[in-house]
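Open your viewer and get ready to select a few residues. Let's take a short walk through some side chains and one pocket.

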Amino acid sequence: MSLIGIVLAAGKGKRMKSKLYKVLHSVCGKSMVDHVLSGLETLKVDRKVVIVGHGAEAVKEKLGNRAEFVFQAEQLGTGHAVLQTKELLQSEEGTTIVLCGDTPLIRTETLADLIVNHNKLQAAATILTAVIDQPFGYGRIVRNESNEVTAIVEQKDCTSEQALIHEINSGIYCFNNKKLFSALGKITNENAQQEYLLTDVIAILRSEGELIAGHIAGDFTEALGVNDRVGLAEAEAAMRKRINTAHMINGVTFINPDNVYIESDVVIGEDTIIYPGTFLRGNTTIGSDCVIGPDVNLTDTTVEDGVLIKYSVLTQATIGRDSTIGPFAYLRPGSVLGKGVKIGDFVEIKNATIGDGSKVSHLSYVGDATVGLDVNIGCGAITVNYDGFNKHKTLIGDGAFVGSNVNLIAPVQIGDGAYVVAGSTITQDVPSNDLAIARERQSNKPGYAQVLREKLNEKKK
Ligand code: UD1
Ligand code: CA
């Protein structure tokens, strides 16, 4: 007996009015079809089959080898879509779950419950339904006097009475595999849409005396089907709320969870506080006891325990514990900070390692560099890493002091404990413990300020 998952993802999604195929639109940083497939992965089904059509190549590329793919050349309806798997699946003994690629909020736990119910009742089909305030656009669940499901009727085919039904079809079903394919052979396109509707399988099985069950989702948002940008924003809001709630339950404090945007795969440790205006994206991981925000944007960034970050943008960076970042810092890919590092205001770091206890406190650019332990980089000091053709490396040893407004013209190496005097333009290596000064010697002309003013005033007249 096998458990099979089929995901319908061949439609173009006309109502999205988009160049991007519908199921590739993101909800909290992950494409809708990816959300659905992830659910099947967690469920550990034996086979996962994704029906692709519009944008097939793009969808396949996105999902890689995570599923088998079946091509639906013409989109003649959801029933027609499932029929494309006939050759591949019809001989399987077992249970088949069918999901739509545009239903990103479905939870694995709900799918598991659906299967348990289906098996308990030994139903031919179990429909995941939901009761919603505004059922317009969804297929309606029609039940008889004994409360048994008899059919699903699509919006366009609804009588005015059926249109008043609030129990809707989520587009997610559990089928006895053999019975599914036998009924699919009998559907026609004689309906308002002139499509082969998967939902017609229900009435067919019912008319053959099979048991159809309805399993009502406790949380109606799980059934949310995204057909346009309004639905997309609704799904995003519902998913955001779910993600933020899960973090709060895990011990993360949110000053205002409605204004924090966290993608699905982000991990946050206990007792971290998140301030408003914060975006945490991709594979970002944050440790315990951090304070993140206000207005922080982290993408694919790793932050260890006890780090403070405010008003800053970090991408593909790694921050050691007890470091502080910002306000107004920009850490670009390859920024790797040790423990207790301080990165202050208007500092940009790129492809650079900064050792434990080092400080880059204000107005600096450090790129393509390796900075040792306990280094102080003064205000306005920069690495000059690019000559218009190539990038060059700067190495700064442990305990070195780089004064304010120093230009380090790479490639260049500053030794351990070296001292670079403020305002220097360094073009040669500085050995360990040496002092380097590289700036024009100053000369003062006594009383000349007044002479100059008089001269200039004279000219003005
Ligand atoms: C479908 C259901 C409706 C349900 C709703 C839940 C049918 C006939 N109707 O309607 O009862 O309430 O979902 O969200 O099933 N697709 C294909 N090939 C096709 C047509 C569609 O792969 O030929 C895919 C789409 O890409 C989409 C999914 O099937 O991911 C659902 O199709 P859609 O057109 O969005 O169906 P709804 O009108 O929303
Ligand atoms: Ca839909």
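Start by selecting Phe328. In this predicted model, Phe328 has a relative accessible area of 43%, so the residue counts as partly exposed. Keep it highlighted for now, and we will come back to its neighbours shortly.

How many aromatic pairs does the structure hold? There are five, and two of them are on our route.

For one of these pairs, select Tyr261 and Phe279. Their ring centres lie 4.7 Å apart and their planes meet at 15°, so this is a stacked pair; stacking requires planes under 30 degrees apart. Now colour by secondary structure: Tyr261 sits in strand 13 (residues 260–262) and Phe279 in strand 16 (residues 278–281), so the pair links distant parts of the chain, 18 residues apart. Are these two rings buried or exposed? Neither extreme fits: Tyr261 is partly exposed at 27% relative accessibility, and Phe279 is partly exposed with a relative accessible area of 29%.

Next, return to Phe328 and add Phe346. Here the centres of the rings are 5.3 Å apart with the planes at 20°, so this pair is stacked as well. Both residues are in loops: Phe328 falls between strand 24 (324–325) and strand 25 (330–331), while Phe346 falls between strand 27 (342–345) and strand 28 (348–354). The pair therefore ties together parts that are 18 residues apart in sequence. Add Tyr311 to the selection, and you have a cluster of Tyr311, Phe328 and Phe346 linked by ring pairs.

For a contact of another kind, select Tyr386 and Lys391. Lys391 lies over the face of the Tyr386 ring, at 5.0 Å from the ring centre.

Last stop: the second largest pocket, which holds about 420 Å³ of space. To find it, select His35, Met239, Arg242, Ile243 and Ser264, the closest to its centre of the 17 residues in the lining. Which helix gives the largest share of this lining? Helix 8 does, with five residues. Show helix 1 (32–43) beside helix 8 (229–249), since each of these helices supplies at least two lining residues.

Now colour by domain. Domain 1 (2–223) and domain 2 (252–436) each contribute at least three residues to the lining of this pocket. Finally, colour the lining by residue type: you will find six nonpolar, seven polar and four charged residues.

Key:
Residues are numbered from 1 along each chain as its sequence is written. Chains are lettered from A and ligands numbered from 1 in the order in which they are written. This is a predicted model: local features need pLDDT of at least 70, side-chain atom pairs count only at pLDDT 80 or more; totals for chains, interfaces and linings use all residues. Side-chain values use heavy atoms; hydrogens and water are left out. Rings of Phe, Tyr and Trp (its six-membered ring) pair if their centres lie within 6.5 Å; planes under 30 degrees apart count as stacked, over 60 as edge-to-face and the rest as tilted. Helices (H or I, at least four residues) and strands (E, at least two) are DSSP runs, numbered from the N terminus. Buried means under 20% relative accessible area, exposed over 50%, partly exposed in between (1.4 Å probe, protein chains only). A charge sits over a ring if NZ of Lys or CZ of Arg is within 6 Å of the ring centre and within 35 degrees of the ring normal. On a 1 Å grid over the protein atoms alone, a cavity is a set of points where a 1.4 Å probe fits but cannot get out, and a pocket is an open set with protein on both sides within 12 Å along at least five of seven lines; lining residues have an atom within 4 Å of a point. Grid points are joined across faces, edges and corners, and a volume is the space filled by probe spheres set on the points. Ala, Val, Leu, Ile, Met, Phe, Trp, Tyr, Cys and Pro count as nonpolar, Asp, Glu, Lys and Arg as charged, and the others, Gly among them, as polar. Domain bounds come from an automatic or database domain assignment.
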